[in-house]
Amino acid sequence: MAEMGSKGVTAGKIASNVQKKLTRAQEKVLQKLGKADETKDEQFEQCVQNFNKQLTEGTRLQKDLRTYLASVKAMHEASKKLNECLQEVYEPDWPGRDEANKIAENNDLLWLDYHQKLVDQALLTMDTYLGQFPDIKSRIAKRGRKLVDYDSARHHYESLQTAKKKDEAKIAKAEEELIKAQKVFEEMNVDLQEELPSLWNSRVGFYVNTFQSIAGLEENFHKEMSKLNESLNDVLVSLEKQHGSNTFTVKAQPSDNAPAKGNKSPSPPPDGSPAATPEIRVNHEPELPSSATAGASLPKSPSQPAEASEVAGGTQPAAGAQEPGETAASEAASSSLPAVVVETFSATVNGTVEGGSGAGRLDLPPGFMFKVQAQHDYVATDTDELQLKAGDVVLVIPFQNPEEQDEGWLMGVKESDWNQHKELEKCRGVFPENFTERVQ
(Lines give C-alpha, C1' and ligand atoms only; values in the text may rest on other atoms or scores of the structure.)
Protein backbone atom coordinates (compact mmCIF):
# COMPACT_ATOMS: atom_id res chain seq x y z
CA MET A 1 0.00 0.00 0.00
CA ALA A 2 2.85 2.37 0.81
CA GLU A 3 4.42 1.62 -2.55
CA MET A 4 1.16 2.31 -4.33
CA GLY A 5 0.78 5.53 -2.42
CA SER A 6 4.27 6.62 -3.34
CA LYS A 7 3.62 5.85 -6.97
CA GLY A 8 0.38 7.78 -6.79
CA VAL A 9 2.09 10.82 -5.34
CA THR A 10 4.79 10.66 -8.03
CA ALA A 11 2.26 10.31 -10.80
CA GLY A 12 0.24 13.18 -9.39
CA LYS A 13 3.30 15.41 -9.24
CA ILE A 14 4.23 14.61 -12.81
CA ALA A 15 0.71 15.37 -13.96
CA SER A 16 0.76 18.65 -12.05
CA ASN A 17 4.06 19.67 -13.64
CA VAL A 18 2.78 18.80 -17.09
CA GLN A 19 -0.35 20.87 -16.48
CA LYS A 20 1.79 23.81 -15.33
CA LYS A 21 3.88 23.65 -18.50
CA LEU A 22 0.79 23.57 -20.68
CA THR A 23 -0.75 26.50 -18.80
CA ARG A 24 2.45 28.55 -19.09
CA ALA A 25 2.79 27.79 -22.78
CA GLN A 26 -0.80 28.84 -23.38
CA GLU A 27 -0.29 32.03 -21.39
CA LYS A 28 2.87 32.95 -23.34
CA VAL A 29 1.04 32.44 -26.64
CA LEU A 30 -1.82 34.66 -25.53
CA GLN A 31 0.63 37.34 -24.38
CA LYS A 32 2.51 37.27 -27.68
CA LEU A 33 -0.76 37.53 -29.60
CA GLY A 34 -1.76 40.48 -27.43
CA LYS A 35 -4.82 38.72 -26.04
CA ALA A 36 -3.43 38.78 -22.50
CA ASP A 37 -1.47 41.46 -20.75
CA GLU A 38 1.99 40.71 -19.31
CA THR A 39 3.32 42.03 -16.04
CA LYS A 40 6.35 44.21 -16.80
CA ASP A 41 9.14 45.37 -14.50
CA GLU A 42 11.56 47.58 -16.44
CA GLN A 43 13.90 48.02 -13.51
CA PHE A 44 14.27 44.28 -13.10
CA GLU A 45 14.75 43.80 -16.84
CA GLN A 46 17.62 46.29 -16.72
CA CYS A 47 19.14 44.33 -13.86
CA VAL A 48 18.89 41.14 -15.94
CA GLN A 49 20.61 42.85 -18.88
CA ASN A 50 23.43 43.96 -16.57
CA PHE A 51 23.66 40.44 -15.16
CA ASN A 52 24.00 38.90 -18.64
CA LYS A 53 26.63 41.47 -19.61
CA GLN A 54 28.56 40.82 -16.39
CA LEU A 55 28.43 37.08 -16.99
CA THR A 56 29.69 37.48 -20.56
CA GLU A 57 32.56 39.73 -19.48
CA GLY A 58 33.54 37.42 -16.63
CA THR A 59 33.48 34.35 -18.89
CA ARG A 60 35.70 36.10 -21.42
CA LEU A 61 38.10 37.23 -18.70
CA GLN A 62 38.33 33.68 -17.39
CA LYS A 63 39.06 32.36 -20.88
CA ASP A 64 41.73 34.99 -21.58
CA LEU A 65 43.31 34.40 -18.17
CA ARG A 66 43.57 30.68 -18.91
CA THR A 67 45.14 31.51 -22.27
CA TYR A 68 47.62 33.80 -20.52
CA LEU A 69 48.54 31.05 -18.06
CA ALA A 70 49.02 28.60 -20.94
CA SER A 71 51.33 31.13 -22.60
CA VAL A 72 53.31 31.56 -19.37
CA LYS A 73 53.71 27.80 -19.17
CA ALA A 74 54.81 27.61 -22.81
CA MET A 75 57.28 30.46 -22.28
CA HIS A 76 58.61 28.64 -19.22
CA GLU A 77 59.24 25.52 -21.31
CA ALA A 78 60.92 27.54 -24.05
CA SER A 79 63.13 29.34 -21.53
CA LYS A 80 64.02 26.02 -19.92
CA LYS A 81 65.04 24.54 -23.29
CA LEU A 82 67.12 27.61 -24.07
CA ASN A 83 68.98 27.37 -20.77
CA GLU A 84 69.56 23.66 -21.33
CA CYS A 85 71.08 24.51 -24.69
CA LEU A 86 73.39 27.06 -23.01
CA GLN A 87 74.47 24.45 -20.47
CA GLU A 88 75.28 22.00 -23.26
CA VAL A 89 77.41 24.43 -25.29
CA TYR A 90 79.13 25.88 -22.21
CA GLU A 91 82.31 23.84 -22.09
CA PRO A 92 83.54 22.55 -18.71
CA ASP A 93 86.82 24.48 -18.77
CA TRP A 94 85.17 27.83 -19.45
CA PRO A 95 85.01 30.23 -16.48
CA GLY A 96 81.61 30.84 -14.88
CA ARG A 97 80.11 27.47 -15.80
CA ASP A 98 78.82 26.80 -12.27
CA GLU A 99 77.35 30.30 -12.07
CA ALA A 100 75.59 29.85 -15.42
CA ASN A 101 74.10 26.54 -14.23
CA LYS A 102 72.90 28.13 -10.98
CA ILE A 103 71.29 30.98 -12.91
CA ALA A 104 69.47 28.43 -15.08
CA GLU A 105 68.12 26.66 -11.98
CA ASN A 106 66.92 29.94 -10.45
CA ASN A 107 65.33 30.85 -13.78
CA ASP A 108 63.33 27.63 -13.76
CA LEU A 109 62.21 28.14 -10.14
CA LEU A 110 61.18 31.71 -10.87
CA TRP A 111 58.93 30.63 -13.76
CA LEU A 112 57.32 27.92 -11.61
CA ASP A 113 56.65 30.36 -8.77
CA TYR A 114 55.17 32.95 -11.14
CA HIS A 115 52.80 30.43 -12.73
CA GLN A 116 51.64 29.05 -9.37
CA LYS A 117 50.96 32.50 -7.92
CA LEU A 118 48.94 33.44 -11.00
CA VAL A 119 46.81 30.33 -10.46
CA ASP A 120 46.31 31.02 -6.74
CA GLN A 121 45.75 34.76 -6.83
CA ALA A 122 43.99 35.23 -10.16
CA LEU A 123 42.56 32.06 -11.70
CA LEU A 124 41.08 30.55 -8.53
CA THR A 125 39.61 33.92 -7.56
CA MET A 126 38.16 34.15 -11.06
CA ASP A 127 36.58 30.71 -10.73
CA THR A 128 35.04 31.64 -7.37
CA TYR A 129 33.65 34.86 -8.82
CA LEU A 130 31.99 33.07 -11.72
CA GLY A 131 30.75 30.28 -9.46
CA GLN A 132 27.89 32.43 -8.17
CA PHE A 133 26.40 33.13 -11.60
CA PRO A 134 24.80 29.74 -12.43
CA ASP A 135 22.60 29.77 -9.30
CA ILE A 136 21.45 33.33 -9.88
CA LYS A 137 20.82 32.60 -13.55
CA SER A 138 18.66 29.63 -12.55
CA ARG A 139 16.70 31.76 -10.10
CA ILE A 140 16.11 34.44 -12.74
CA ALA A 141 14.68 31.79 -15.07
CA LYS A 142 12.50 30.40 -12.26
CA ARG A 143 11.24 33.89 -11.45
CA GLY A 144 10.20 34.22 -15.09
CA ARG A 145 8.21 31.01 -14.89
CA LYS A 146 6.54 32.10 -11.64
CA LEU A 147 5.65 35.41 -13.24
CA VAL A 148 3.86 33.55 -16.03
CA ASP A 149 2.05 31.46 -13.41
CA TYR A 150 1.01 34.64 -11.62
CA ASP A 151 -0.25 36.25 -14.83
CA SER A 152 -2.11 33.07 -15.76
CA ALA A 153 -3.79 32.86 -12.32
CA ARG A 154 -4.66 36.54 -12.51
CA HIS A 155 -6.24 36.18 -15.94
CA HIS A 156 -8.16 33.09 -14.86
CA TYR A 157 -9.52 34.86 -11.81
CA GLU A 158 -10.51 37.93 -13.87
CA SER A 159 -12.24 35.79 -16.50
CA LEU A 160 -14.33 34.04 -13.83
CA GLN A 161 -15.34 37.35 -12.32
CA THR A 162 -16.46 38.77 -15.65
CA ALA A 163 -18.34 35.63 -16.72
CA LYS A 164 -22.11 35.85 -17.17
CA LYS A 165 -22.69 32.85 -14.97
CA LYS A 166 -20.63 33.26 -11.86
CA ASP A 167 -19.54 30.22 -9.90
CA GLU A 168 -18.57 31.44 -6.47
CA ALA A 169 -16.76 28.24 -5.59
CA LYS A 170 -14.56 28.46 -8.71
CA ILE A 171 -13.98 32.15 -8.11
CA ALA A 172 -12.88 31.49 -4.53
CA LYS A 173 -10.53 28.74 -5.64
CA ALA A 174 -9.10 30.91 -8.41
CA GLU A 175 -8.56 33.75 -5.95
CA GLU A 176 -6.76 31.38 -3.61
CA GLU A 177 -4.47 30.21 -6.43
CA LEU A 178 -3.83 33.80 -7.47
CA ILE A 179 -2.77 34.81 -3.96
CA LYS A 180 -0.49 31.78 -3.72
CA ALA A 181 1.14 32.44 -7.13
CA GLN A 182 1.58 36.11 -6.30
CA LYS A 183 3.27 35.29 -2.99
CA VAL A 184 5.74 32.83 -4.57
CA PHE A 185 6.59 35.29 -7.33
CA GLU A 186 7.06 38.27 -5.03
CA GLU A 187 9.36 36.37 -2.68
CA MET A 188 11.70 35.44 -5.53
CA ASN A 189 11.38 38.87 -7.11
CA VAL A 190 12.32 40.74 -3.91
CA ASP A 191 15.42 38.62 -3.35
CA LEU A 192 16.65 39.11 -6.92
CA GLN A 193 15.87 42.82 -6.85
CA GLU A 194 18.34 43.11 -3.97
CA GLU A 195 21.03 40.69 -5.21
CA LEU A 196 21.36 41.73 -8.87
CA PRO A 197 22.31 45.40 -8.27
CA SER A 198 24.75 44.33 -5.56
CA LEU A 199 26.35 41.76 -7.87
CA TRP A 200 26.58 44.32 -10.66
CA ASN A 201 28.39 46.81 -8.42
CA SER A 202 30.80 44.16 -7.13
CA ARG A 203 32.38 43.76 -10.57
CA VAL A 204 34.45 46.96 -10.14
CA GLY A 205 36.26 45.75 -7.03
CA PHE A 206 36.75 42.31 -8.52
CA TYR A 207 38.32 43.65 -11.74
CA VAL A 208 40.57 45.97 -9.74
CA ASN A 209 41.80 43.21 -7.44
CA THR A 210 42.31 40.72 -10.27
CA PHE A 211 44.32 42.99 -12.54
CA GLN A 212 46.25 44.45 -9.63
CA SER A 213 47.30 40.93 -8.63
CA ILE A 214 48.35 40.07 -12.17
CA ALA A 215 50.22 43.34 -12.63
CA GLY A 216 51.99 43.04 -9.27
CA LEU A 217 53.01 39.43 -9.88
CA GLU A 218 54.27 40.24 -13.35
CA GLU A 219 56.21 43.26 -12.10
CA ASN A 220 57.97 41.23 -9.38
CA PHE A 221 58.63 38.41 -11.82
CA HIS A 222 60.31 40.68 -14.33
CA LYS A 223 62.36 42.36 -11.61
CA GLU A 224 63.74 39.04 -10.43
CA MET A 225 64.20 37.82 -13.99
CA SER A 226 66.07 41.02 -14.82
CA LYS A 227 68.50 40.33 -12.00
CA LEU A 228 69.14 36.81 -13.29
CA ASN A 229 69.64 38.07 -16.83
CA GLU A 230 72.06 40.72 -15.57
CA SER A 231 74.05 38.06 -13.73
CA LEU A 232 74.11 35.84 -16.81
CA ASN A 233 75.26 38.77 -18.91
CA ASP A 234 78.15 39.40 -16.48
CA VAL A 235 79.18 35.75 -16.76
CA LEU A 236 79.18 35.90 -20.56
CA VAL A 237 81.08 39.20 -20.60
CA SER A 238 83.72 37.63 -18.39
CA LEU A 239 83.95 34.67 -20.76
CA GLU A 240 84.30 36.98 -23.74
CA LYS A 241 87.11 38.95 -22.10
CA GLN A 242 89.12 35.81 -21.37
CA HIS A 243 88.56 34.17 -24.72
CA GLY A 244 88.00 37.14 -26.97
CA SER A 245 91.68 37.44 -27.96
CA ASN A 246 92.04 33.76 -28.87
CA THR A 247 92.35 32.85 -32.54
CA PHE A 248 90.20 30.01 -33.72
CA THR A 249 91.59 28.53 -36.94
CA VAL A 250 90.22 26.03 -39.42
CA LYS A 251 93.04 23.72 -40.56
CA ALA A 252 92.80 22.41 -44.08
CA GLN A 253 93.70 18.81 -44.74
CA PRO A 254 97.16 18.48 -46.35
CA SER A 255 97.28 17.45 -49.98
CA ASP A 256 99.14 14.39 -51.23
CA ASN A 257 101.81 16.52 -52.94
CA ALA A 258 102.57 18.89 -50.10
CA PRO A 259 103.69 18.18 -46.54
CA ALA A 260 101.45 19.23 -43.68
CA LYS A 261 102.16 22.66 -42.19
CA GLY A 262 102.78 22.93 -38.48
CA ASN A 263 101.96 26.62 -37.99
CA LYS A 264 98.53 27.59 -36.49
CA SER A 265 97.80 30.52 -38.77
CA PRO A 266 99.32 29.94 -42.23
CA SER A 267 100.78 33.01 -43.92
CA PRO A 268 100.98 33.47 -47.72
CA PRO A 269 104.02 31.60 -49.23
CA PRO A 270 106.79 33.78 -50.64
CA ASP A 271 106.83 34.76 -54.30
CA GLY A 272 108.03 32.00 -56.54
CA SER A 273 106.35 29.19 -54.57
CA PRO A 274 104.11 27.04 -56.76
CA ALA A 275 101.49 27.07 -53.97
CA ALA A 276 101.26 30.87 -53.96
CA THR A 277 97.65 32.01 -53.97
CA PRO A 278 97.08 34.61 -56.73
CA GLU A 279 95.24 37.77 -55.81
CA ILE A 280 91.85 37.81 -57.49
CA ARG A 281 90.78 41.19 -58.86
CA VAL A 282 87.81 42.03 -61.03
CA ASN A 283 88.48 45.64 -61.96
CA HIS A 284 92.27 45.55 -62.32
CA GLU A 285 94.99 43.55 -63.99
CA PRO A 286 95.80 40.48 -61.84
CA GLU A 287 99.08 40.38 -59.98
CA LEU A 288 100.90 37.22 -60.95
CA PRO A 289 103.82 35.56 -59.16
CA SER A 290 107.20 36.70 -60.48
CA SER A 291 108.52 33.13 -60.61
CA ALA A 292 105.99 32.15 -63.28
CA THR A 293 107.59 34.32 -66.01
CA ALA A 294 109.29 31.36 -67.63
CA GLY A 295 106.04 29.66 -68.70
CA ALA A 296 104.84 29.45 -72.26
CA SER A 297 102.38 32.07 -73.48
CA LEU A 298 98.75 31.11 -74.01
CA PRO A 299 97.55 30.57 -77.57
CA LYS A 300 95.43 33.30 -79.02
CA SER A 301 91.74 32.49 -78.93
CA PRO A 302 89.94 32.98 -82.24
CA SER A 303 87.00 34.51 -80.43
CA GLN A 304 89.08 37.19 -78.71
CA PRO A 305 90.11 40.41 -80.46
CA ALA A 306 93.75 41.37 -80.60
CA GLU A 307 93.19 44.78 -79.10
CA ALA A 308 93.17 45.34 -75.33
CA SER A 309 89.82 44.97 -73.58
CA GLU A 310 88.46 47.37 -70.99
CA VAL A 311 87.39 45.95 -67.64
CA ALA A 312 85.09 48.24 -65.64
CA GLY A 313 87.28 51.27 -66.10
CA GLY A 314 90.62 49.34 -66.11
CA THR A 315 92.51 47.69 -68.99
CA GLN A 316 93.61 44.13 -69.66
CA PRO A 317 96.14 42.90 -72.21
CA ALA A 318 94.77 41.24 -75.30
CA ALA A 319 94.19 37.50 -75.12
CA GLY A 320 96.94 36.79 -77.63
CA ALA A 321 99.49 38.98 -75.86
CA GLN A 322 99.34 37.56 -72.37
CA GLU A 323 102.37 37.43 -70.12
CA PRO A 324 104.27 34.16 -70.21
CA GLY A 325 103.72 33.62 -66.48
CA GLU A 326 99.96 33.53 -66.73
CA THR A 327 99.80 29.90 -67.83
CA ALA A 328 102.04 28.73 -65.01
CA ALA A 329 100.13 30.84 -62.51
CA SER A 330 96.83 29.37 -63.69
CA GLU A 331 98.18 25.84 -63.38
CA ALA A 332 99.60 26.54 -59.93
CA ALA A 333 96.32 28.07 -58.80
CA SER A 334 94.28 25.14 -60.09
CA SER A 335 96.43 22.69 -58.10
CA SER A 336 95.91 24.42 -54.74
CA LEU A 337 92.61 26.37 -54.96
CA PRO A 338 88.98 25.25 -55.01
CA ALA A 339 87.34 24.98 -58.43
CA VAL A 340 85.30 28.19 -57.96
CA VAL A 341 88.41 30.27 -57.14
CA VAL A 342 90.38 28.77 -60.04
CA GLU A 343 87.51 29.47 -62.42
CA THR A 344 87.25 33.07 -61.24
CA PHE A 345 91.01 33.56 -61.54
CA SER A 346 91.05 32.07 -65.03
CA ALA A 347 88.15 34.29 -66.08
CA THR A 348 89.98 37.37 -64.79
CA VAL A 349 93.24 36.51 -66.57
CA ASN A 350 91.57 35.79 -69.90
CA GLY A 351 89.39 38.88 -69.71
CA THR A 352 86.14 36.93 -70.08
CA VAL A 353 83.16 36.19 -67.84
CA GLU A 354 81.34 32.86 -67.85
CA GLY A 355 77.87 33.17 -69.34
CA GLY A 356 78.93 35.81 -71.89
CA SER A 357 78.96 35.46 -75.63
CA GLY A 358 82.70 34.87 -75.85
CA ALA A 359 83.66 38.49 -76.44
CA GLY A 360 86.73 39.82 -74.70
CA ARG A 361 84.89 42.77 -73.09
CA LEU A 362 83.67 42.79 -69.49
CA ASP A 363 80.92 45.29 -70.22
CA LEU A 364 78.93 45.23 -66.95
CA PRO A 365 76.61 47.82 -65.38
CA PRO A 366 78.12 50.22 -62.83
CA GLY A 367 78.32 48.75 -59.34
CA PHE A 368 77.82 45.19 -60.58
CA MET A 369 78.04 42.79 -57.60
CA PHE A 370 77.12 39.27 -58.77
CA LYS A 371 74.88 37.27 -61.07
CA VAL A 372 71.75 35.30 -60.27
CA GLN A 373 69.58 33.02 -62.38
CA ALA A 374 65.79 32.84 -62.11
CA GLN A 375 64.60 29.43 -60.91
CA HIS A 376 60.90 30.25 -61.33
CA ASP A 377 58.77 32.60 -63.40
CA TYR A 378 57.92 35.87 -61.65
CA VAL A 379 55.14 38.17 -62.86
CA ALA A 380 55.86 41.81 -62.04
CA THR A 381 53.13 43.52 -60.03
CA ASP A 382 54.52 47.06 -60.20
CA THR A 383 56.35 49.25 -62.70
CA ASP A 384 59.62 49.11 -60.76
CA GLU A 385 59.77 45.28 -60.77
CA LEU A 386 61.49 42.92 -63.23
CA GLN A 387 59.46 40.34 -65.14
CA LEU A 388 61.38 37.06 -64.90
CA LYS A 389 61.21 33.71 -66.61
CA ALA A 390 62.97 30.61 -65.37
CA GLY A 391 66.52 30.65 -66.73
CA ASP A 392 66.87 34.45 -67.03
CA VAL A 393 70.24 35.75 -65.84
CA VAL A 394 70.15 38.96 -63.79
CA LEU A 395 73.10 41.26 -63.06
CA VAL A 396 72.68 42.42 -59.45
CA ILE A 397 73.54 46.06 -58.66
CA PRO A 398 73.19 48.08 -55.45
CA PHE A 399 70.20 50.29 -54.64
CA GLN A 400 70.79 54.00 -55.23
CA ASN A 401 69.30 54.62 -51.81
CA PRO A 402 70.01 51.66 -49.48
CA GLU A 403 67.10 52.70 -47.23
CA GLU A 404 64.69 51.87 -50.06
CA GLN A 405 65.72 48.21 -50.11
CA ASP A 406 63.10 45.89 -48.63
CA GLU A 407 64.10 42.63 -47.01
CA GLY A 408 64.19 39.77 -49.51
CA TRP A 409 64.39 42.03 -52.61
CA LEU A 410 67.35 42.81 -54.89
CA MET A 411 68.03 45.45 -57.57
CA GLY A 412 69.29 44.31 -60.94
CA VAL A 413 69.06 44.30 -64.71
CA LYS A 414 68.48 41.28 -66.93
CA GLU A 415 71.67 40.40 -68.79
CA SER A 416 69.84 40.18 -72.12
CA ASP A 417 68.36 43.67 -71.68
CA TRP A 418 71.72 45.12 -70.65
CA ASN A 419 73.54 43.61 -73.65
CA GLN A 420 70.89 45.01 -75.97
CA HIS A 421 70.26 48.51 -74.60
CA LYS A 422 73.13 49.40 -72.25
CA GLU A 423 70.74 51.85 -70.55
CA LEU A 424 70.51 51.25 -66.82
CA GLU A 425 67.56 53.57 -66.20
CA LYS A 426 65.35 51.70 -68.67
CA CYS A 427 66.35 48.17 -67.76
CA ARG A 428 66.85 47.99 -64.01
CA GLY A 429 64.26 46.93 -61.50
CA VAL A 430 63.69 45.04 -58.28
CA PHE A 431 62.89 41.33 -57.96
CA PRO A 432 62.38 38.78 -55.15
CA GLU A 433 65.63 37.10 -54.15
CA ASN A 434 63.96 33.76 -53.32
CA PHE A 435 62.92 33.32 -56.97
CA THR A 436 66.60 33.20 -58.01
CA GLU A 437 69.84 31.39 -57.28
CA ARG A 438 73.28 32.94 -57.26
CA VAL A 439 75.47 31.69 -60.11
CA GLN A 440 78.48 34.06 -59.96
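This is a short guided tour of the structure above, one selection at a time. Keep in mind that you are looking at a predicted model.

**Stop 1: the whole chain**

Start with everything shown as a cartoon. You should find nine helices and seven strands along the chain. The chain has 440 residues, and 30% of them are buried. Now switch on a surface: about 29,100 Å² of the chain is exposed, and 53% of that area comes from carbon and sulfur atoms.

How much of the contact between residues at least 6 apart in sequence joins residues at least 24 apart? The share is 69%. Several of the stops below show you such pairs.

**Stop 2: helix 4 and helix 5**

Select residues 133-161 for helix 4 and residues 168-243 for helix 5. Give each its own colour and turn the view until you can see both axes. The axes come within 8 Å of each other and cross at roughly 150°. An angle over 145 degrees counts as roughly antiparallel, so helix 4 and helix 5 are roughly antiparallel to each other. The crossing of helix 4 over helix 5 is left-handed. What kinds of residues make up this contact? There are 18 nonpolar, four polar and 11 charged residues in it.

Stay with helix 4 and pick His156, which is part of that helix. Is His156 buried or partly exposed? Its relative accessible area is 39%, so His156 is partly exposed. Next, draw a distance from the C-alpha atom of His156 to the C-alpha atom of Glu175: your viewer should show 8.9 Å, for two residues that are 19 apart along the chain.

**Stop 3: Asn189**

Move to helix 5 and select Asn189, which sits in that helix. With 12% relative accessibility, Asn189 counts as buried, because buried means under 20% relative accessible area. Which residues touch Asn189, once neighbours within four places in sequence are set aside? They are Asp41, Phe44 and Arg143, so show these side chains too.

**Stop 4: helix 2 beside helix 5**

Keep helix 5 coloured and add helix 2, residues 42-89. The two pack at an angle of about 15°, and their axes are 10 Å apart. That angle makes helix 2 roughly parallel to helix 5. Here too you can look for the handedness: helix 2 and helix 5 make a left-handed crossing. The contact between helix 2 and helix 5 is made of 18 nonpolar, seven polar and four charged residues.

**Stop 5: Tyr129**

Now select helix 3, residues 97-131, and find Tyr129 in it. Tyr129 is buried, with a relative accessibility of 5%. Look around its side chain: leaving out residues up to four places away in sequence, Tyr129 touches Gln54, Ser202, Arg203, Phe206 and Tyr207. Then draw a line between the C-alpha atoms of Tyr129 and Gly58. These residues are 71 apart along the chain, yet their C-alpha atoms are separated by 8.2 Å.

**Stop 6: Thr23**

Go to helix 1, residues 2-32, and pick Thr23. Thr23 has a relative accessible area of 27%, which makes it partly exposed. Which distance does your viewer give from Thr23 to Val148, C-alpha to C-alpha? It should be 8.9 Å, although Thr23 and Val148 are 125 residues apart in sequence.

**Stop 7: Lys414**

For a look at a strand, select residues 409-414, which form strand 5, and zoom in on Lys414. Is Lys414 buried or exposed? Its relative accessible area is 16%, so Lys414 is buried. Apart from neighbours within four places in sequence, Lys414 is in contact with Leu386, Gln387 and Leu388, and also with Asp392, Val393 and Val394.

**Stop 8: Lys422**

The last selection is a loop. Find helix 8 (415-421) and helix 9 (424-427), then pick Lys422 in the loop between them. Lys422 is not a glycine, and still its phi is positive, at about 60°. Lys422 is partly exposed, with a relative accessible area of 35%.

Methods
Residues are numbered from 1 along each chain as its sequence is written. This is a predicted model: local features need pLDDT of at least 70, side-chain atom pairs count only at pLDDT 80 or more; totals for chains, interfaces and linings use all residues. Side-chain values use heavy atoms; hydrogens and water are left out. Helices (H or I, at least four residues) and strands (E, at least two) are DSSP runs, numbered from the N terminus. Buried means under 20% relative accessible area, exposed over 50%, partly exposed in between (1.4 Å probe, protein chains only). Contact means heavy atoms within 4.5 Å. Accessible areas come from the Shrake-Rupley method with a 1.4 Å probe; for residues, only the protein chains shown count as cover. Axes are lines fitted to C-alpha atoms, for helices over the stretch in contact, and angles run from 0 to 180 degrees between N-to-C directions. Angles under 35 degrees count as roughly parallel, over 145 as roughly antiparallel, 65 to 115 as roughly perpendicular and the rest as oblique. A crossing is left-handed if the near helix is turned anticlockwise from the far one by less than a right angle, and right-handed if clockwise. Ala, Val, Leu, Ile, Met, Phe, Trp, Tyr, Cys and Pro count as nonpolar, Asp, Glu, Lys and Arg as charged, and the others, Gly among them, as polar.
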